Each structure stands twice: as structure tokens, then as C-alpha cells.
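Here is a short, friendly tour of one protein model. Please have your viewer ready.

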Amino acid sequence: MAIDIKHHKEKMNRDEPEIKLVPFIDILFTLLIFLVVTSTFGAASVTGDDTGTGTGKPNMTDTTGDSEYYLLPVAGLQKVVVNGVDMSSEIRGNAIGVHARVLDQGDVQIKTSEHAIYIQAPSGMSPQEVVHSPE
């Protein structure tokens, strides 16, 4: 019995390589599941003077610079009320400037259901001092 090498070479030249996608996808998903199961997800650690009071206000000791007003994004909110006075006209570019003293000593409440921000300023501050249009 003779081996037909010529026929075998012609057959190899005619065959085009093919990639089997089903086993490739199986291996890919297995690796993905393994990576998700073995990863750990956690909150980033906070360093500094965090006392754990949970007021939600920024820690003013962590800021740099001498800014008097800090930018507060108000995207989706149309109303800003300071001590009962509507100051919505100060909103520019979906942001408003809020005085640093208000963030430190006052109270800022964001009520998304009412599309409003309510600011209670420290005593001695007028509503015009509390908020400012961003430049």
C-alpha cells in the first residue's frame, strides 16, 4: 500500500485555517468569572483629619488656596434658596459659588425631589454674600 503524499499536500494547501469561536468564548467567560469572583472591592481609605462625624461637608483643612467661594455643581436643579430668599438667578453653567464660611458653619441641603438646594447661612451673612455666580 503506497502513501499518496502528493494528494495529501494538495489537500493541505486547499484547506483554509478556521478559528473555533465557541471554545474561545467559553474560555474567555471562564476567565472573566474567575477574575470577578477573586477580586476584592472596597472603599478607598481616607487619610487625614477624618473624625467620622459624617456631616457630608467638605473638610476645610484639606483645601489649598485662599478661595472665598467654592463651586457647587447643581446639574438638574433649578432652584437655590438662601435663608428663604430665592437666589436661583445666580446659577451659571449648572454651578453656583457658595461662600466657604457657609460650607464650614452653615447648612446645605440638596432636595432632588424638589429640584432645589436649601442653604441656611451663618448669622450675620446676607443671601447675596452666601452665593455668587461662577465666573
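The notes below cover the model's basis, its nonpolar core and a surface patch.

## Basis of the model

This is a predicted model, in which local features need pLDDT of at least 70, side-chain atom pairs count only at pLDDT 80 or more, and totals for chains, interfaces and linings use all residues. Residues are numbered from 1 along each chain as its sequence is written, and side-chain values use heavy atoms, with hydrogens and water left out.

## The nonpolar core

The largest nonpolar core (buried Ala, Val, Leu, Ile, Met, Phe, Trp, Tyr and Cys residues joined through side-chain atoms within 4.5 Å) has 19 residues. Those with the most contacts inside this core are V80, V82, I96, V98, I119, V130 and V131. Two or more residues each come from β1 (69-73), β2, β4 (95-99), α3 (100-105) and β6 (116-120), and α3 gives the largest share, 3 residues. Helices (H or I, at least four residues) and strands (E, at least two) are DSSP runs, numbered from the N terminus.

## Around V81 and V82

V81 sits in strand β2 (residues 79-82). V81 counts as buried because its relative accessibility is 10%, and buried means under 20% relative accessible area (1.4 Å probe, protein chains only). Leaving aside residues up to four places away in sequence, V81 touches I117, Y118 and I119, where contact means heavy atoms within 4.5 Å. A116 is 35 residues from V81 in sequence, yet their C-alpha atoms are 7.5 Å apart.

With the same sequence neighbours left out, V82 touches M87, I119, P127, V130 and V131.

How values were computed: Buried means under 20% relative accessible area, exposed over 50%, partly exposed in between (1.4 Å probe, protein chains only).
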